[in-house]
Amino acid sequence: METFPVVNMEMLNTEKRAAALEKIKDACENWGFFEVINHGISHDLLDTVEKFTKEHYKKCMEQRFKEMVASKGLEAVQTEIDDLDWESTFFLKHLPVSNISEVPDLEDDYRKIMKEFADKLEKLAEQLLDLLCENLGLEQGYLKKVFYGPKGPTFGTKVSNYPPCPMPDLIKGLRAHTDAGGIILLFQDDKVSGLQLLKDGKWIDVPPMRHSIVINLGDQLEVITNGKYKSVEHRVIAQPDGNRMSLASFYNPGSDAVIYPAPELLEKEEKENTIMYPKFIFEDYMKLYAGLKFQAKEPRFEAMKAVETAVNLGPIATV
């Protein structure tokens, strides 16, 4: 039984740096997921985020969810439901413009702590992108620069709760999909499990671990690495007991960023004639993804090839 990859970020500042980088490299190539500990975000901050998130669900979201379930008659279903998810969510935008002050029903202290949390996650995402550059042999800053595009990256957090489900065999917490964007940083419940990834044709549990951040790669990193790294299908299994908290933060390219396989990587691997992925503007991919999220990613890539954007591409500056 393979062990889910867990990376101690503190090792990057010791003589064990090479081993930590190798573990990240293996995870990116073979899992599409890994978990980081000692990542620089304080346990106190994570505990406070968890406390406010769970209190907000109880106070503002739980009753609405129960009403939705009742209105759709979900507790009495007899056959599998494949067009909705057993989740209660709201979305916070951080970049390019924050909406935290505008989201209704959030206490001021919750808004403040989520802003602090987002700032820390943004720094961690950019640190991880540089580690990926190092492993790929790309110039430092390359991935960040691609994501920035002309106007800077997009960054937001999907705040989810997965309440107890009376028929977990008939409805998923979240249906299987790959993530459209760049790099995803998940702070999840450490007591209630449910997240699974697909590896070698089998669904594998992503273990809940206190104060860890789960990292997974989105479709854009698969394109930029020309398939060396893969976005991986994952899902959430609804649970009969316990309410699972999930805060997934998506550090994505800017809407007008141009995405295409890194030329430096193609040269290193002598793949000039085997470019596997299209060139496109990120916003165009997201428009396509919106209607096809729960379908296979390969047809999305093929569709983008068919309408490959005619843009004038120079080298990506890294300074």
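## Exercises on a predicted model

Y285 is in contact with A180, D219, Q220, F280, R300, F301 and M304, leaving aside its neighbours within four places in sequence. The model is predicted. The exercises start from this residue.

### Exercise 1. Place Y285

Find the element that holds Y285, decide whether Y285 is buried or exposed, and identify the side chain with which the Y285 side chain makes a polar contact.

Solution.

Step 1. Locate the residue. Y285 sits in helix α7, residues 282–292.

Step 2. Check the accessibility. Y285 has 0% relative accessibility, so it counts as buried. The cut-off for buried is under 20%.

Step 3. Look for polar partners. The side chains of Y285 and D219 make a polar contact at 2.5 Å.

Step 4. Compare sequence and space. Q220 is 65 residues from Y285 along the chain, yet their C-alpha atoms are separated by 9.4 Å.

### Exercise 2. Sort the faces of α7

Which residues of α7 are buried, and which exposed residues does the face turned away from the buried side carry?

Solution.

Step 1. List the buried set. In α7 this is F282, Y285 and Y289.

Step 2. Test for a common side. These residues cover an arc of only 55° around the axis, which puts them on the same side of α7.

Step 3. Turn to the opposite face. There, the exposed residues are K287, A290 and G291.

### Exercise 3. Follow the contact to A180

Describe the setting of A180 and list its contacts outside its sequence neighbourhood.

Solution.

Step 1. Assign the element. A180 lies in the loop between β5 (174–177) and β6 (183–188).

Step 2. Check burial. A180 counts as buried because its relative accessibility is 4%.

Step 3. List the contacts. Beyond four places in sequence, A180 touches D219, Q220, F282, Y285, M286 and Y289. Among them, F282, Y285 and Y289 are the buried residues of α7.

Step 4. Add a long-range pair. S231 is 51 residues from A180 in sequence, and the C-alpha atoms are 8.5 Å apart.

### Exercise 4. Analyse α1

Compare the span of α1 with the expected value, then find what its buried residues pack against.

Solution.

Step 1. Take the length. Helix α1 runs over residues 17–30 and has 14 residues. Its first and last C-alpha atoms are 20 Å apart, close to the 20 Å expected at 1.5 Å a residue.

Step 2. Pick out the buried positions. They are A20, L21, I24, A27 and C28. Their arc around the axis is only 125°, which puts them on the same side of α1.

Step 3. Find the packing partners. The buried residues of α1 pack against β1 (6–8), β2 (33–37), α3 (108–136) and β9 (213–217).

Step 4. Inspect the exit. G32, just after α1, takes a positive phi of about 75°.

### Exercise 5. Account for the cysteines

How many disulfides does the structure hold, and why does C133 not bond to its closest cysteine?

Solution.

Step 1. Recall the bond. A disulfide is a covalent bond between the sulfur atoms of two cysteines.

Step 2. Count. The structure holds zero disulfides.

Step 3. Check C133. Its closest cysteine sulfur belongs to C28 and is 11 Å away, too far for a bond. The cut-off is within 2.5 Å.

Step 4. Check exposure. C133 counts as buried at 0% relative accessibility. C60 also counts as buried, at 14%.

### Exercise 6. Test the annotations

For the two annotated spans, give the end-to-end C-alpha distance and the helix and strand content.

Solution.

Step 1. Take residues 107–134. The unreviewed UniProt entry annotates them as "coiled-coil region". The span is 96% helix and 0% strand, with end C-alpha atoms 41 Å apart.

Step 2. Take residues 153–253. The unreviewed entry gives "domain: Fe2OG dioxygenase". Here the content is 6% helix and 45% strand, and the end C-alpha atoms lie 5 Å apart.

### Exercise 7. Find the unusual backbone

Where is the cis peptide bond, and what phi values do N38 and D200 take?

Solution.

Step 1. Set the baseline. Most residues other than glycine have a negative phi, and most peptide bonds are trans.

Step 2. Check omega. The cis bond joins L95 and P96, with omega about 5°. P96 is in the loop between β3 (88–95) and α3.

Step 3. Check phi. N38 has a positive phi near 50°, in the loop between β2 and α2 (43–72). D200 has a positive phi of about 50°, in the loop between β7 (195–199) and β8 (202–205).

Step 4. Compare accessibility. N38 is partly exposed at 36%, whereas D200 is exposed at 67%.

Terms used: Residues are numbered from 1 along each chain as its sequence is written. This is a predicted model: local features need pLDDT of at least 70, side-chain atom pairs count only at pLDDT 80 or more; totals for chains, interfaces and linings use all residues. Side-chain values use heavy atoms; hydrogens and water are left out. Helices (H or I, at least four residues) and strands (E, at least two) are DSSP runs, numbered from the N terminus. The expected span of a helix is 1.5 Å times one less than its number of residues. Buried means under 20% relative accessible area, exposed over 50%, partly exposed in between (1.4 Å probe, protein chains only). The arc is that of the directions from the helix axis to the C-beta atoms. Contact means heavy atoms within 4.5 Å. UniProt positions are given in the numbering used here, feature names are shortened, and annotations may be inferred rather than shown by experiment. A polar contact is a pair of N or O atoms within 3.5 Å; within protein, one must be able to donate a hydrogen and the other to accept it, and residues adjacent in sequence count only if both atoms are side-chain atoms.
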